[in-house]
Amino acid sequence: MKFIITEDYDAMSRAAANVISGYVTSHPGCVLGLATGSTPIGLYSCLVKDYEAGVLSFSDVTSFNLDEYRGLDPQHDQSYRYFMEHNLFSHVDIEAARTHVPDGACPDAEAACAAYEQAIAEAGGLGLQLLGLGHNGHIGFNEPAPDFPKYTHCVTLTESTINANSRLFDSIDDVPREAYTMGIGTIMAAKEILVVASGADKADIVRRAFFGPVTPEVPASVLQFHPNVTVIVDKEAGALC
C-alpha cells in the first residue's frame with residue numbers, strides 16, 4: 001500500500017487526479033470505478049481542467065459508479081447519477097452510453113444488482129477504482145457488518161451514514177434508507193484502487209482502516225489485502241498515522 005499525506009485538500013485533490021489522469025493516459029480504453037461524496041469533488045474539478053487543457057481524454061473510457069440511493073430516479077438532484085453529470089460527465093468527452101450508475105429507480109433490488117454486476121463483468125472488470133472513506137469505515141455503501149459482502153447488493157444504511165448525508169437533503173426524513181452498492185468482492189477485484197480522505201474528522205477512521213486489524217466492522221480495512229492500493233489524505237486526515 002502507498003500511503004501519501006499531502007499538505008491540504010487541494011493538494012490531495014491534485015495528487016489523486018494525477019493518479020487517475022496517468023492511468024487513463026496509459027490505459028485509454030480503461031474501466032474506471034468512480035465515487036461520489038464531498039471528498040472527490042476537488043479531484044473531479046482537476047480532471048475537468050486537465051481535459052480542458054487538452055492533456056486528458058475520456059473518449060474511450062467506460063465508468064461504473066460505486067453506488068446509488070434506492071428509490072431516487074437519475075434526475076433527482078441528490079441522486080449519484082446527477083452528481084456525476086454535474087461534477088464530471090457533462091464537462092468531459094466521455095460517452096454517455098459508457099457511463100454506468102446503479103439503477104436506483106428500479107424497484108426490484110435483486111434484478112438491479114444482478115444487472116449491474118453482469119455489466120461490470122461484460123466490460124472486463126474494473127481497472128482503477130476510486131473510493132472515499134465513510135466515518136464508520138464504509139466504502140461504497142458497504143456498512144460495518146459481520147462479514148464482507150461479495151457482490152453488488154442492496155444495503156440498509158446505518159443511522160450514522162444517514163445523519164452524515166442528511167446535510168444534502170431538505171430534511172433527514174428525505175434521506176433514502178437503502179442503497180444499491182458494489183460489494184467488497186467487486187471492489188477488491190479491481191486491478192488498482194485509489195482512496196481519498198480529508199479532514200480531521202476522518203483521522204481516526206483512516207488510522208483504523210489502514211493501520212488497524214482487518215475486520216468487516218471496518219469495511220475499508222480489507223483494502224490492506226489488495227496488492228495495488230494508493231491512499232491519499234490531507235495532513236488533517238493523516239494526523240494519527
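Contact here means that heavy atoms lie within 4.5 Å of each other. With that in hand, welcome to a short tour of this predicted model. Its parallel open sheet is built from 7 strands, and helix H2 packs through its buried residues against several helices and strands. Two buried residues, His153 and Thr99, then get a look of their own.

**The sheet**
- The 7 strands follow the order S1-S10-S9-S6-S2-S3-S5, and their pairing is parallel.
- Strand S1 (2–6) and S5 are the edge strands; each has a single partner strand, so one side of each has no neighbour in the sheet.
- In general, the strands of a sheet pair through backbone hydrogen bonds, in a parallel or antiparallel way.
- S2 and strand S3 (residues 62–65) run parallel and are joined by 4 bridges.
- Across this pair, Val31 stands opposite Thr62 in S3.

**Helix H2**
- Helix H2 covers residues 41–52, and its 12 residues should span 16 Å at 1.5 Å a residue; the end C-alpha atoms are 17 Å apart, which agrees.
- The buried residues of H2 are Gly42, Leu43, Tyr44, Cys46, Leu47, Val48 and Asp50.
- An α-helix has 3.6 residues a turn, so residues three or four places apart point the same way.
- Those buried residues pack against two helices, H1 (9–26) and H3 (80–87), and against strands S2 (31–34), S6 (128–131) and S9 (192–197).
- After H2 comes Gly54, with a positive phi near 80°.

**Around His153**
- His153 sits in strand S7 (residues 153–156).
- Its relative accessibility is 19%, so His153 counts as buried, the cut-off being under 20%.
- The side chains of His153 and Asn142 are joined by a polar contact of 3.4 Å.
- A polar atom of the His153 side chain also lies 2.7 Å from the backbone oxygen of Tyr151.
- Beyond four places in sequence, His153 touches Cys113, Asn142, Ala179, Tyr180, Thr181, Met182 and Gly183.

**Around Thr99**
- Thr99 belongs to strand S5 (residues 99–100), and S5 is one of the edge strands of the sheet.
- With 5% relative accessibility, Thr99 counts as buried.
- The Thr99 side chain makes a 2.8 Å polar contact with the side chain of Arg81.
- The backbone oxygen of Ala96 lies 2.7 Å from a polar atom of the Thr99 side chain.
- Setting aside neighbours within four places in sequence, Thr99 is in contact with Ser63, Arg81, Phe89 and Ile94.

Conventions
Residues are numbered from 1 along each chain as its sequence is written. This is a predicted model: local features need pLDDT of at least 70, side-chain atom pairs count only at pLDDT 80 or more; totals for chains, interfaces and linings use all residues. Side-chain values use heavy atoms; hydrogens and water are left out. The expected span of a helix is 1.5 Å times one less than its number of residues. Buried means under 20% relative accessible area, exposed over 50%, partly exposed in between (1.4 Å probe, protein chains only). A polar contact is a pair of N or O atoms within 3.5 Å; within protein, one must be able to donate a hydrogen and the other to accept it, and residues adjacent in sequence count only if both atoms are side-chain atoms. Two strands pair if DSSP finds at least two bridges between them.
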